[in-house]
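User: I've got a chain here I'd like to talk through with you. Mind if I fire off some questions while we both look at it?

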Amino acid sequence: MKRYCQWCQRRLRLRDVRCPYCRDPAFSWLHATAVVVAAATVLFFLMRAV
């Protein structure tokens with residue numbers, strides 16, 4: 001997750017998926033994939049524990 005937009009240099013909030021001014025994505029696909037894999041792993045182990 002980026003704190004500042006690389007194109008317009010505006011500060012991004014945590015809830016912003018895109019820059020509200022230039023519509024540049026606030027995260028890369030690599031970060032999104034890493035979050036999904038981590039969440040799936042945690043969910044898998046929680047389901048097995050129950």
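User: Is Cys 8 buried, partly exposed or exposed, and what is its relative accessibility?
Analyst: Bear in mind that this is a predicted model. Buried would need under 20% relative accessible area and exposed over 50%. Cys 8 falls in between, so it counts as partly exposed, at 29%.

User: And where does Cys 22 land, buried, partly exposed or exposed?
Analyst: Cys 22 has a relative accessible area of 33%. The band between 20% and 50% is the one for partly exposed residues. So the label for Cys 22 is partly exposed.

User: How many disulfides does the structure hold?
Analyst: The test is a pair of cysteine sulfur atoms within 2.5 Å. Going by that cut-off, the number of disulfides in the structure is zero.

User: What does the secondary structure of the chain come to?
Analyst: Helix 1 covers residues 29–49, and Arg 3 sits in the segment before it. As for strands, the chain has zero, and its helix count is one.

User: How far does helix 1 reach from its first C-alpha to its last?
Analyst: Helix 1 has 21 residues. At 1.5 Å a residue, 30 Å would be expected, and the model comes close to that. The reach of helix 1 is 30 Å.

User: Does helix 1 lie largely in the open or largely buried, and how many of its residues are buried?
Analyst: Take Leu 30, a helix 1 residue that is exposed at 66% relative accessible area. Met 47 is in helix 1 too, and it is exposed at 59%. Helix 1 lies largely in the open because, of its 21 residues, the number buried is one.

User: Which residues form an aromatic pair, and of what kind?
Analyst: The count of aromatic pairs comes to one. Its ring centres are 5.4 Å apart and the planes are at 70°. Planes over 60 degrees apart count as edge-to-face, so the edge-to-face pair is Phe 44 and Phe 45.

User: Of those two rings' residues, what are the exposure labels for Phe 44 and Phe 45?
Analyst: Phe 44 comes in at 46% relative accessibility, which means it stays in the partly exposed band. Phe 45 has a relative accessible area of 54%, past the 50% mark. So Phe 44 is partly exposed, and Phe 45 is exposed.

User: Which residues does Arg 3 touch, leaving out those up to four places away in sequence?
Analyst: Arg 3 is exposed, with a relative accessible area of 61%. Its C-alpha is 20 Å from that of Val 36, which is 33 residues away in sequence. The residues Arg 3 touches are Arg 10, Arg 11 and Leu 12.

User: What is the radius of gyration of the chain, next to that of a compact globule?
Analyst: The C-alpha atoms fill a box of roughly 45 × 15 × 15 Å along the principal axes. A compact globule of 50 residues would have a radius of gyration near 10 Å. For the chain, the value is 15 Å.

User: What share of the 50 residues is buried?
Analyst: The accessible surface comes to about 4,700 Å², with 65% of it belonging to carbon and sulfur atoms. Among contacts between residues at least 6 apart in sequence, 11% join residues at least 24 apart. The buried share of the 50 residues is 14%.

Terms used: Residues numbered from 1 in each chain as written. Predicted model: local features only at pLDDT ≥ 70, side-chain atom pairs only at ≥ 80, totals over all residues. Heavy atoms only, no water. Phe/Tyr/Trp six-rings, centres within 6.5 Å; stacked < 30°, edge-to-face > 60°. Buried < 20%, exposed > 50% of the residue type's maximum accessible area, 1.4 Å probe, protein only. Helix = DSSP H or I, 4+ residues; strand = E, 2+ residues; numbered from the N terminus. Contact = heavy atoms within 4.5 Å. Rg over C-alpha atoms; globule rule 2.2 N^0.38 Å. Areas by Shrake-Rupley, 256 points an atom, 1.4 Å probe, with all protein chains shown as cover. Expected span 1.5 Å × (residues − 1).
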